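Here are my notes for you, set out as numbered points. Have the model open while you read.

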Amino acid sequence: MMPILSRRILNRTGRLSTAAALVALLATPGVTQQGAAPIARYTIDASTTSGIAAMGGGMGAGLSMVFGGGGNKMIHTLDLRLGSTRAATPGAPKADHFMPVGAKLGKSVPLYTPTPGTATPREDGKQMPKDFQKPKGRLLIFWGCGPKAPKGQPVVIDFAKVAAGQMPPGLFTSGVNIPADWAISLANSKTYGEWPNGKDRKTVSADSSLIGEHRIAGNYSPEIKFSLAQDFLPAITGKASDMAGGATMLNWNSVANATGYYAWTMGFNPGPDGQANDMVWWSSSTTQNFGGALWDWIAPATVNRLIAQKVVLPPSQTSCIMPAEVKQAASQFMMGNLYAYGPEANFAYPPRPDNPKAAWKPEWTARVRYRSNSMWFINGPNMGGMMRGEDSSTAGQSEKPKKKCRGGLGGMLAGAAGVGC
């Protein structure tokens with residue numbers, strides 16, 4: 001869900017999933033209404049990404065953009081998944097999603113069926129990057145909007161204890177009940193197809209549109225047809241401003257059709273030797289939480305409940321004060337992150353009966369979810385020096401790069417960015 005630099009922060013764009021790494025360290029669909037499971041299920045996750053996460057070329061390009069050039073950028077991504085209880089007939093599995101002309105993806109995109117064990121992994125924080133090094137030091141957790149952190153903050157987590165299996169209770173979304181999401185996968189489908197995939201190199205453009213008729217057809221599921229009136233969400237853009245007393249005002253634009261907002265920051269405070277010392281986390285929630293399901297897609301009904309519980313900010317709120325203690329604790333490096341949760345569209349054939357007691361056996365169901373997210377640097381050190389694992393006092397000096405990344409913050413950032421050490 002997020003990396004040591006944010007859960008789906010660089011997902012399919014930069015391929016970086018720091019949240020994923022941290023969650024891994026720290027850490028099926030149902031049909032209601034007396035209905036049988038459908039023959040086919042289809043999902044579309046439509047995401048709008050801006051800021052560092054939208055920079056092509058991975059984390060290295062993002063750092064280059066922020067510390068030396070480039071500008072704001074926005075991208076759209078789609079995650080398409082088809083699962084069926086049928087086997088392909090005849091021949092090998094084949095399915096296509098026929099898009100509206102405005103999608104600018106050609107007549108259709110192929111839903112590739114991977115062989116067992118090769119399905120594209122979901123970037124949901126359950127994977128540990130190959131070269132990920134377990135962080136040392138502590139995690140300091142703050143939460144809530146206001147100029148000063150309330151008494152009892154921060155909660156301090158010792159990474160050494162976590163690595164030893166001593167997981168603090170209630171670390172993720174403490175006291176918050178967010179229903180586990182269901183996902184279509186190769187494992188829970190007799191036949192399965194997905195896009196993007198290794199067989200098709202098309203990409204969604206920034207001006208692509210989803211509005212219009214959609215049709216999914218193949219040799220292992222009933223034909224699926226529906227029309228979308230909701231397009232990709234607009235980009236969300238964050239801004240940070242220093243306030244008297246050391247607090248930071250976070251502002252963002254109002255996103256049309258957003259159901260709610262969630263803001264969080266992650267910062268680092270390396271020690272004098274360049275090694276990771278403290279990792280600092282703050283969220284806009286009024287209750288202690290460390291991301292978890294809040295990094296994921298959340299249904300509108302759940303968002304409404306979380307707003308009532310003051311875990312998620314309402315769509316009318318476009319600012320939040322980050323307490324002074326947060327920036328003081330992460331004085332060397334900090335990133336801002338924003339999520340605008342969006343609407344959800346659901347379709348089925350035949351349609352769900354109005355009578356909840358009536359039997360229902362759909363041939364197919366389809367779900368379309370929308371979300372907008374952004375990431376930007378609030379402050380930062382000499383990144384070039386930190387990438388080389390230099391001491392802060394020598395970060396600006398010329399020095400031959402080491403052949404092997406050092407541990408700690410410098411090594412983690414360099415390895416994740418893919419820019420060497």
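The points below go through a disulfide, a sheet and a cavity.

1. First, a reminder on provenance: this is a predicted model. Please read the distances, angles and volumes below as values computed from it.

2. Let's start with the cysteines. The structure holds one disulfide. Its partners are Cys145 and Cys320, with 1.8 Å between their sulfur atoms. The pair ties together distant parts of the chain, as the two cysteines are 175 residues apart. Cys145 sits in the loop between strand S5 (138-143) and strand S6 (155-158), while Cys320 belongs to strand S14.

3. Which hand does the disulfide of Cys145 and Cys320 have? The torsion about the S-S bond is about -105°, so the disulfide is left-handed.

4. Are the two ends buried or exposed? Cys320 has a relative accessibility of 3%, and because the cut-off for buried is under 20%, Cys320 counts as buried. Cys145 comes out at 38% relative accessibility, so Cys145 is classed as partly exposed. The bond between Cys145 and Cys320 therefore has a partly exposed end at Cys145 and a buried end at Cys320.

5. Strand S14, which carries Cys320, also takes us to a sheet. Three strands make up this open sheet, ordered S10-S11-S14, and the pairing is antiparallel. Strand S10 (238-242) and strand S14 (319-322) are the edge strands, each pairing on one side only. From one strand to the next, the twist averages 25°.

6. If you want to check the register, look at S10 and strand S11 (residues 248-252). They pair in the antiparallel sense over five bridges. A handy marker is Ala240, which stands opposite Leu250 in S11.

7. Now to a cavity. The second largest one has a volume of about 50 Å³. Strand S15 (333-349) and strand S16 (364-379) are the elements that give two or more residues to its lining. S15 supplies the largest share, four residues.

8. What kinds of residue line the second largest cavity? Its lining divides into six nonpolar, one polar and three charged residues. If you want to select them in your viewer, the lining residues are Trp297, Ile298, Pro300, Tyr341, Gly342, Pro343, Glu344, Arg369, Tyr370 and Arg371. The charged ones are Glu344, Arg369 and Arg371, and Gly342 counts as the polar one.

Key: Residues numbered from 1 in each chain as written. Predicted model: local features only at pLDDT ≥ 70, side-chain atom pairs only at ≥ 80, totals over all residues. Heavy atoms only, no water. 1 Å grid on protein atoms, 1.4 Å probe; cavity = no way out; pocket = protein on both sides within 12 Å on 5 of 7 lines; lining within 4 Å. Points joined across faces, edges and corners; volume = space filled by probe spheres on them. Pairing = 2+ DSSP bridges. Axes fitted to C-alpha atoms, helices over the stretch in contact; angles between N-to-C directions. Disulfide = S-S within 2.5 Å. Buried < 20%, exposed > 50% of the residue type's maximum accessible area, 1.4 Å probe, protein only.
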